[in-house]
Amino acid sequence: MNKIFEKGGKLYWLHSTIDAFETFLAVPGTVAKKGAHVRDAVDLKRIMIIAVISAVPAAIFGMWNVGFQHSLATGLDMNIWQEFWFGFWKVLPLFVVSYVVGLAIEFASSQIRGEEVNEGYLVSGFFIPLIVPVDVPLWMLAVAVAFAVIFGKEVFGGTGMNIWNPALLTRAFLFFSYPSKMSGSETWISLKGAETVDGFTGATPLALAADGGMGGLINTTAQYGTDFWTMFWGGIPGSVGETSVIAILLGAAILLWTGVASWKIMVSEVVGLLCVAGLANVAGLSDIPCFYHLVMGGFAFGAVFMATDPVTSAQTETGKWIYGFLIGAICAVIRLFNPGYAEGMMLAILLGNTFAPLIDHCVTSIHTGRRNKIAKA
């Protein structure tokens, strides 16, 4: 780094910003000379990059699906490339706003604290456009991102210190502040300046199921299929990156293969959801098969990318099972017994984030107590 940006230099106040760009583009020249150090190729930057790469399949599919849903709703005859490029240009502004606003706050906060700029927001900034409707007003997204980064991350000390997932805080802020832009039959499809075909409905399968149960899915007049397979491959309305379970599973495979995410959290989330939804089936409280919930709404995306965030999830091995099961169970409870809110994954993960430290504390306390009893025996 140029000496003018180092301590004592004229532009030292830009030290954090210059250091961020240098370490992003090149490996720092400092190496361990002596002593005990962990020598591993996996550092924070590589973990963040792997997390972003894992979400790329969902992002690419989401861009195509935006165009696909637009062509269905308007009756336009578009080929696959036209659909993709239509979606690409619709989704691109969401990424620009997410990164410009979020990184600007990150850089400013690091400069004020005199600390290095961490790479944590590279992941949050990529996830945020994937969990919001494609037509959300950009100024609303900017306000929501600013709120999430400032009050959900920076006030706690920045990357690695936040209690809640910043991407989910962005969605929660949008949902509670601008509910009309986060729900409804036309929210999930880009229709600005376009006329829709007769009888068009853009309601998501989860909304249809919430209104009429299994009958709402079977007897729908929506332009897309509402069978399990269609919801699995993702040709349905929804947030940009949440519709295709296949694309999300590709991302899960990358995260698990590289060891970035915990399979225990993913599995326990599925178990928790199926247990509660299955009990509701047995008790006659819901006619929607429990396994349908796995492919509806944002459960798959949240289970793979949001709940497994290593900063806000449980850290102990036993705690991960409890944490994941809690999220899956709460998601099912909200979906089944809250008629005013069809989706439950966002709130379930935020509640899981809140209780994660308590879960770890209880697990470690019980384990320590057992070891002390054994030692005294």
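How many aromatic pairs does the structure hold? The count is 26. Keep in mind that you are looking at a predicted model, then start clicking.

**Stop 1: Trp139 and Tyr178**

Select Trp139 and Tyr178 and show their side chains. These two form an aromatic pair with 5.5 Å from centre to centre and 75 degrees between the planes, and since anything over 60 degrees counts as edge-to-face, that is the label this pair gets. Now colour by secondary structure. Trp139 sits in helix α5 (residues 138-152), while Tyr178 is in the loop between α6 (166-177) and α7 (205-218), so the pair ties together parts that are 39 residues apart in sequence.

Is Trp139 buried or exposed? Turn on a surface and look: with 53% relative accessibility, Trp139 counts as exposed.

**Stop 2: add Phe173**

Keep Tyr178 selected and add Phe173. Their ring centres are 6.4 Å apart and the planes meet at 70 degrees, so this pair is edge-to-face. Phe173 and Tyr178 are both buried.

Next, extend the selection to Phe147 and Phe151. Together with Trp139, Phe173 and Tyr178, they make up a cluster linked by ring pairs.

**Stop 3: Trp263**

Jump to Trp263, which you'll find in helix α10 (residues 263-282). Its relative accessible area is 46%, so Trp263 is partly exposed. What does Trp263 touch, leaving aside neighbours within four places in sequence? Select Leu256 and Trp321: Trp263 is in contact with both. While you're here, draw a C-alpha to C-alpha distance from Trp263 to Gly324; you should get 9.9 Å, for two residues 61 apart in sequence.

**Stop 4: helix α12**

Gly324 is one of the buried residues of α12, so to speak your doorway to that helix. Select residues 317-337 to see all of α12. Its 21 residues should span 30 Å at 1.5 Å a residue, and the end C-alpha atoms are 31 Å apart, which agrees. Then pick out what is buried along α12: the list includes Gly319, Lys320, Tyr323, Ile327, Gly328, Cys331 and Arg335.

**Stop 5: a nonpolar patch**

Finish on helix α3 (residues 80-113), where Trp81 lies. Trp81 has 60% relative accessibility, so it counts as exposed. Bring the surface back and select Ile80, Trp81, Trp85, Trp89, Leu92, Val96 and Val100: they form a nonpolar surface patch with about 780 Å² of accessible area together.

Terms used
Residues numbered from 1 in each chain as written. Predicted model: local features only at pLDDT ≥ 70, side-chain atom pairs only at ≥ 80, totals over all residues. Heavy atoms only, no water. Phe/Tyr/Trp six-rings, centres within 6.5 Å; stacked < 30°, edge-to-face > 60°. Helix = DSSP H or I, 4+ residues; strand = E, 2+ residues; numbered from the N terminus. Buried < 20%, exposed > 50% of the residue type's maximum accessible area, 1.4 Å probe, protein only. Contact = heavy atoms within 4.5 Å. Expected span 1.5 Å × (residues − 1). Patch = residues over 30% accessible without salt bridge, like charges linked within 9 Å, V, L, I, M, F, W, Y side chains within 5 Å. Areas by Shrake-Rupley, 256 points an atom, 1.4 Å probe, with all protein chains shown as cover. Salt bridge = Lys/Arg side-chain N within 4 Å of Asp/Glu carboxyl O.
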